[in-house]
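Student: Let's go through this one together, and I'll keep asking how you know.
Tutor: Fine by me, have a look.

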Amino acid sequence: ACLVGSEMCIRDRCIGVATADGVKQVMLNHEEFPKHPLVYDDLELVLGHGLVNSSGALWTRQRKLMTPLFHLKKLRSYLPLIHEECVRMCDVLEEKGKGGKKSICPIPLFGDATQRIAVRAIFGQRLDLDYVCDAWSHITDSM
């Protein structure tokens, strides 16, 4: 068993990828790097059988449909909100570091920032971000 983030992987190999080439290899080789059912079966209950949970030919088709959403011009338009959320995350880290605490696990903060960016990019300011993020955390924590 090995610990990856906050998930425990049992009887399976866990791989950390730190380069763009490594990510590409993992994303394009579905047979050697399948999605872990322990995680993705539960996510399917919440997300359905979309891009996140699919694999193989279905994943390839869905990814091609999504590609225009991630065009460089579109991503550039998200920079201001990405910056705002990064500043917010840094403020939270700074606050958590007060009082001489030497070790802070940033992984939950990165997840929260990513979630807030995605919700804002998809829905704009029309949603209460704190409510959506708290509700999503409640759903995923109960799995």
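Student: What makes the contact between the side chains of E85 and R120 a salt bridge?
Tutor: The cut-off is a side-chain nitrogen of Lys or Arg within 4 Å of a carboxyl oxygen of Asp or Glu. E85 and R120 come to 3.1 Å, N to O, so the pair counts as a salt bridge. Keep in mind that this is a predicted model, where local features need pLDDT of at least 70 and side-chain atom pairs count only at pLDDT 80 or more, while totals for chains, interfaces and linings use all residues. Residues are numbered from 1 along each chain as its sequence is written, and side-chain values use heavy atoms, with hydrogens and water left out.

Student: Why is E85 called buried?
Tutor: Buried means under 20% relative accessible area, exposed over 50%, and partly exposed in between (1.4 Å probe, protein chains only). E85 has 4%, so buried fits. R120 is buried as well, at 9%.

Student: And what makes K98 exposed?
Tutor: Its relative accessible area is 54%, so K98 passes the exposed cut-off. K98 also forms a salt bridge with E95, the closest N and O atoms being 3.3 Å apart.

Student: How do you know that E85 and R116 tie together separate parts?
Tutor: Their side chains meet in a salt bridge at 2.8 Å, N to O. E85 lies in helix α5 and R116 in helix α6 (residues 107-123), so the pair joins parts 31 residues apart in sequence. Helices here are DSSP runs (H or I, at least four residues), numbered from the N terminus.

Definitions and conventions
Helix = DSSP H or I, 4+ residues; strand = E, 2+ residues; numbered from the N terminus.
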